[in-house]
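Biologist: Before I take any label at face value, I would like to hear what stands behind each one. Could we go through them one at a time?

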2 protein chains.
Amino acid sequence: MGSTLHDVARIAGVSIKTVSNVVNNYPHVRPSTREKVLSAIEELDYRPNLSARGLRSGRTGVIGLAIPELRQNYFAELADSIIRAADAHGVGVVIDQTSATREGELAVLSGERLRLTDGVLFSPERLGQDDVNLLNVGFPLVLLGERIFGGPTDHVTMRNVESARAATEHLIGIGRRRIAVIGAHPVNQDDIRSANLRVRGYREALDAAGLPYDTTLVRTAAPWHRENGAVAMRRLLEDGVDFDALFTLNDTLGLGALRALGEAGVRVPDDVAVIGFDNIDESRFSVPSMSSVDPGRDEIARVAVDTLLSRIHEKGEPAPPRQILADYRIVGRESTGFSEPIEAEPPRPSPPWRNPLAVERVTRGPGARRAAPRNRASARRADALRSAHVTTLADGRHKRG
Amino acid sequence: MGSTLHDVARIAGVSIKTVSNVVNNYPHVRPSTREKVLSAIEELDYRPNLSARGLRSGRTGVIGLAIPELRQNYFAELADSIIRAADAHGVGVVIDQTSATREGELAVLSGERLRLTDGVLFSPERLGQDDVNLLNVGFPLVLLGERIFGGPTDHVTMRNVESARAATEHLIGIGRRRIAVIGAHPVNQDDIRSANLRVRGYREALDAAGLPYDTTLVRTAAPWHRENGAVAMRRLLEDGVDFDALFTLNDTLGLGALRALGEAGVRVPDDVAVIGFDNIDESRFSVPSMSSVDPGRDEIARVAVDTLLSRIHEKGEPAPPRQILADYRIVGRESTGFSEPIEAEPPRPSPPWRNPLAVERVTRGPGARRAAPRNRASARRADALRSAHVTTLADGRHKRG
DNA sequence: TTGAAAGCGCTAACAT
DNA sequence: ATGTTAGCGCTTTCAA
């Protein structure tokens, strides 16, 4: 099997502590010693045993991501972003699929499925506001999504009301007046879910424009899958309701609705303009391409990972839970009369080089806090997080339709 | 923090060895003793420390899945299936995104990114046949996909030639004679990649039907992204080539092509029938819904995980590398004149109950091989794998257009 | 069938 | 700036 610290120490002629210091980027090592150790590491192709490190340090260098299902595009893209963000810290990601069952989500919180992880990013789909107390768990947990608010954990989410309002204003801005909605929540209670928040934003936009709120235009659909978008649109058409625009509360519903509109021979955007929510990749390639609200997924991923890691490394009294809101932007495409050229996505920069052997260390010694190596942008972000209970991400991207 | 084996042993009034035996389902424990231990475990809410277990046993209970990008639907769905398959064994999955770079894929093989995993499922997208020797790595590795054949590792893949032939026959079967292809590989060498294999199947079908092979109908496109499918289709239309059907070498290309056909006012399937390859979820919901080749992804996932786990647990002389081929089926939808009702997917059965504390153990003691607890189907499958160098999955699903 | 004890490879506390 | 040592929680001999 692989070689150990002892082997390296023997070859390099130093103690294992010195080797450990080099491996962990401890600064006070004489350059010549470091050289000797590094070449011994190279010679032996040494790799630290992460189980041993985890056993000793109490940390594994892996975080969990609990989501309903990877086959929902939104979550696949979220997972992609989160894996990239974690990778930039040298942290791995284990994905736990809850299959969108209450049972699966409870299992996440019970810690039963927590395998070798230092903390968990959790995006529930079944648990709701009533379950807020279940979030009191014995491990670092960062909540994602809009199912539960005001809980005991950090929470990274998006500006549902404002961005839904902006989406509606985007439709009003191109002259539409009878704007249908698909994806409202069936029940009137439970005012916290993203459906209700987004409908609220829709109403605000109507009110501000002096347009009436017509309940025949607001259609329920759950869950937010393509087929339900298609079914709701067929009903809307069958009912003979007059409308010239559609706001679907997520992109998947919108793609289903586009399909039903196509089947019915309704022209988009000529007869009906359509905008969705989430800005999944697929929306760029539908026929017609679909406008959407970009909720800032990459930013959400970065902040969620940063937040979780800072909790994992937190010493002393835990800071109060924070809610962090991502900024958003409206992406106009063909379905609302805009056009975006179909082209390859810009290449993603690869993460900066990092010591593949090193484990992230944030503080050193009592009192003397020392920031972990990180770039300026993330340092600024973390500082912002520390300064307020509710924080907004990178500004300047906020743009009203 | 959590309680340990010692705590449980103290409460139960037994030694830690006994507790360990219970936790690991070791059979020779007196029922009364087992009861005592179980209730102590319950009382303390004991959970084994997986780092310690990993350190001692040399296994972590986690496997790696190296894929290009989760935001490609195909890989998100593959990852979904693999996570479910691993979960049924109580094994976690860490996802390593190579970002479809050669660099990232080499890093997988170097083991540098291997974090706390017992083995790796690797689906390369950049490495090719020339890199076959790089697959000689020091850890259990199972190869997926069609980039490299005949390597030193187990390889789970699909019947590219046969299924592409069946797809083409599906088009011929509905009366089409001028069948275009999108997605061929630009270079003529390198006869191994899935593009060439699938084109070969296409040619075989033409030959068998007595149809000519017309190179003006065979279009290159790489990589297999939506935009390239759209671009290739636009070219095909601009060139004024006569064709009445299209076979795209994956679904994503097909969806792009559908978009371009829609833009050009070409009716599908009336003017041009279309079939893709991969059967991603999205193809069920395009306008029109797209026929496809289902390469048996769930089966591939199950077998890949089974194979990797059996390698991980393998004792003694390693068995020779195996190639395992999944079976396929043709799914006819609107784009070839068939219709499939849009409805929710059948619910997936949840995995059977398993001891959440137990670690998978396959053999016990030298010589005396004892099968791990598993169901009959997977036992049968594993037996089949052992019996032949090339094996076919569950039969009876094979179906020609 | 159960117990006792060694030690996996590493980090952290302490010593020098 | 570097060395020594204890022990993280578990599995695995070996013994009883």
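Biologist: What makes Ser20(B) count as a polar contact of DNA strand D, and which atoms are involved?

Modeller: An N or O atom in the side chain of Ser20(B) is 3.2 Å from a phosphate oxygen of DNA strand D, and a polar contact is a pair of N or O atoms within 3.5 Å (within protein, one must be able to donate a hydrogen and the other to accept it, and residues adjacent in sequence count only if both atoms are side-chain atoms), so the pair qualifies. The elements giving two or more residues to the surface near this strand are helix H2 (16-23) and helix H4 (50-57) in chain A, and helix H2 (16-23) and helix H4 (50-57) in chain B; helices here are DSSP runs of H or I with at least four residues, strands are runs of E with at least two, and both are numbered from the N terminus. Please bear in mind that this is a predicted model, in which local features need pLDDT of at least 70 and side-chain atom pairs count only at pLDDT 80 or more, while totals for chains, interfaces and linings use all residues. Residues are numbered from 1 along each chain as its sequence is written, chains are lettered from A and ligands numbered from 1 in the order in which they are written, and side-chain values use heavy atoms, with hydrogens and water left out.

Biologist: Which parts of Ser15(A) and Thr18(A) approach the phosphate oxygens of DNA strand D?

Modeller: For Ser15(A) it is a backbone N or O atom, 2.6 Å from a phosphate oxygen, whereas for Thr18(A) an N or O atom of the side chain lies 2.6 Å from a phosphate oxygen.

Biologist: What makes a residue belong to the surroundings of DNA strand D, and which come nearest?

Modeller: A residue is near a strand if one of its heavy atoms lies within 4 Å of it. There are 23 such residues around DNA strand D, and Ser15(A), Thr18(A), Thr33(A), Arg56(A) and Tyr46(B) come nearest. Of the atoms of DNA strand D within 4 Å of the protein, 63% belong to sugar and phosphate.

Biologist: Which atoms does Arg56(B) bring to DNA strand C, and how far from the base nitrogen?

Modeller: A polar side-chain atom of Arg56(B) lies 3.0 Å from a base nitrogen of DNA strand C. Phosphate oxygens of DNA strand C are approached too, at 2.5 Å by a side-chain N or O atom of Tyr46(A) and at 2.5 Å by one of Thr33(B). Helix H4(A) gives the most to the surface near this strand, with 4 residues.

Biologist: Why is Thr153(B) called buried?

Modeller: Its relative accessible area is 11%, and buried means under 20%, exposed over 50% and partly exposed in between (1.4 Å probe, protein chains only), so Thr153(B) is buried. Thr153(B) sits in the loop between strand E4 (141-144) and strand E5 (154-158) of chain B. Beyond its neighbours within four places in sequence, Thr153(B) is in contact (heavy atoms within 4.5 Å) with Leu135(B), Leu141(B), Leu143(B), Pro321(B) and Arg322(B). Thr153(B) and Leu141(B) are 12 residues apart in sequence, yet 6.4 Å apart from C-alpha to C-alpha.

Biologist: How many residues of each chain take part where chain A meets chain B?

Modeller: On chain A 54 residues are in contact with 54 residues of chain B. The two chains bury about 5,000 Å² between them, 52% of it on carbon and sulfur atoms, where buried area is the accessible area (1.4 Å probe) lost on putting two parts together, summed over both.
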